[in-house]
Amino acid sequence: MQDAKLTLTMEWDKTFPASDKVLHSKVTFHNRYGITLAADLYRPKDVEGPYAALAVCGPFGAVKEQCSGLYAQTMAERGFLTIAFDPSYCGESGGEPRYMASPDINTEDFMAAVDFLSCRDDVDPERIGIIGICGWGGLALNAAALDPRIKATVASTMYDMSRINAKGYFDEQDSEEARMASRRALAAQRTEDYRTGTYARGGGVVDPLPEDAPFYVKDYYDYYKTPRGYHPRSLNSNDGWNVTGCMSFLNQPILAYAGEIESAVMVLHGDKAHSFYMGRDAFALLRGDNKVFEVVPGAVHTDLYDGGGKNAIPWDRVQAFLEKYLG
């Protein structure tokens with residue numbers, strides 16, 4: 001199978017500065033469904049391979065030029081070969097129609113990244129891990145449960161996208177009636193989309209920000225809608241997913257087999273994050289003495305995107321965990 005030709009931006013267009021400690025290049029790879037994915041590859045300077053390698057993605061609705069790229073570049077500075085990739089249907093990656101999500105295909109995206117890394121001459125295929133941020137933290141756990149080639153997983157400030165779609169924020173819509181109302185609304189939207197031949201967009205982070213917005217909305221606004229994290233290809237920074245884009249998460253729990261993950265897992269979460277309950281509950285599903293719940297005191301959700309201006313990401317702890325299990 002050949003990768004499709006993608007239009008890739010070659011100039012530095014990240015939300016973080018380039019590091020002089022790593023070598024950066026653009027790469028592509030394809031998943032099992034034939035979708036070609038775009039990625040930034042970061043390799044440590046003056047360090048010989050074969051390397052331990054990491055694939056990084058997230059947050060859900062973000063692009064590789066935002067915090068997944070920051071994670072990838074930082075871990076490359078610390079000796080890993082890394083890629084930060086755009087998921088199917090988003091960013092510079094392929095897939096039509098645009099702005100769709102899938103618990104199956106997005107889990108496959110992580111495993112396709114492992115395919116790509118495993119076949120590089122400068123990577124040790126026995127030392128590959130993944131990092132998933134926000135909604136991609138839950139997908140990373142799902143990938144780790146399915147793919148034993150993944151030797152270590154970090155789920156940072158994670159969301160369980162199935163839980164959010166089925167139960168709402170803080171499980172406040174956890175009822176059969178609420179779920180059926182969502183299904184009816186999405187079904188009606190499908191009919192309308194088919195009739196018009198277009199896909200209605202759901203909208204990204206609300207702008208302008210209402211004065212009475214919940215804290216988690218303000219937290220997202222502070223990242224996605226300001227120079228701190230805005231990017232023109234980011235769904236959260238702009239018009240969001242298609243309204244029906246996340247429909248299949250409603251009926252497909254992604255953490256069903258998290259308890260069967262044999263490889264090492266770090267769940268990394270700030271204790272002031274609105275999403276903390278999802279990280280806590282996901283960790284409770286895990287078994288084995290190679291599982292770590294790393295709590296960052298005082299950190300809110302987006303603090304673990306880029307440090308939040310207070311160096312909230314415990315890079316040394318993440319590095320030590322990955323080196324322990326990837327060597």
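Begin with the surface of the whole chain: its accessible area comes to about 14100 Å², of which 50% belongs to carbon and sulfur atoms, as computed by the Shrake-Rupley method with a 1.4 Å probe. What is open in the viewer is a predicted model, in which local features need pLDDT of at least 70 and side-chain atom pairs count only at pLDDT 80 or more, while totals for chains, interfaces and linings use all residues. Residues are numbered from 1 along each chain as its sequence is written, and side-chain values use heavy atoms, with hydrogens and water left out.

Switch next to a cartoon of the chain, which has nine helices and eight strands; helices (H or I, at least four residues) and strands (E, at least two) are DSSP runs, numbered from the N terminus. The radius of gyration is 19 Å, close to the 20 Å that the globule rule gives for 327 residues, so the chain is as compact as a globular protein of that length; the radius is taken over C-alpha atoms, and the rule is 2.2 Å times the number of residues to the power 0.38. Reduced to its C-alpha trace, the chain spans about 55 × 45 × 40 Å along its principal axes.

Now colour by burial, where 56% of the 327 residues count as buried, that is, under 20% relative accessible area with a 1.4 Å probe and protein chains only.

Select Ile83, Phe85 and Leu322, which touch the most other members of the largest nonpolar core, a set of 96 residues; such a core consists of buried Ala, Val, Leu, Ile, Met, Phe, Trp, Tyr and Cys residues joined through side-chain atoms within 4.5 Å. Adding helix H2 (residues 103-118) shows the source of the largest share of this core, eight residues. Around Leu322, leaving out residues up to four places away in sequence, the residues touched include Leu54, Met75, Phe80 and Ile131, a contact being heavy atoms within 4.5 Å.

Move to helix H1 (residues 67-77), where 10 of the 11 residues are buried, so the helix is largely enclosed by the rest of the structure. Just after H1, stop at Gly79, which takes a positive phi of about 110°.

Finish at Cys57, in strand S3 (residues 51-57), which is buried with a relative accessible area of 1%. Beyond its neighbours within four places in sequence, Cys57 is in contact with several residues, among them Ser68, Phe85, Phe110 and Trp136. A distance drawn from the C-alpha atom of Cys57 to that of Tyr305, 248 residues apart along the chain, reads 11 Å.

Terms used
Buried means under 20% relative accessible area, exposed over 50%, partly exposed in between (1.4 Å probe, protein chains only).
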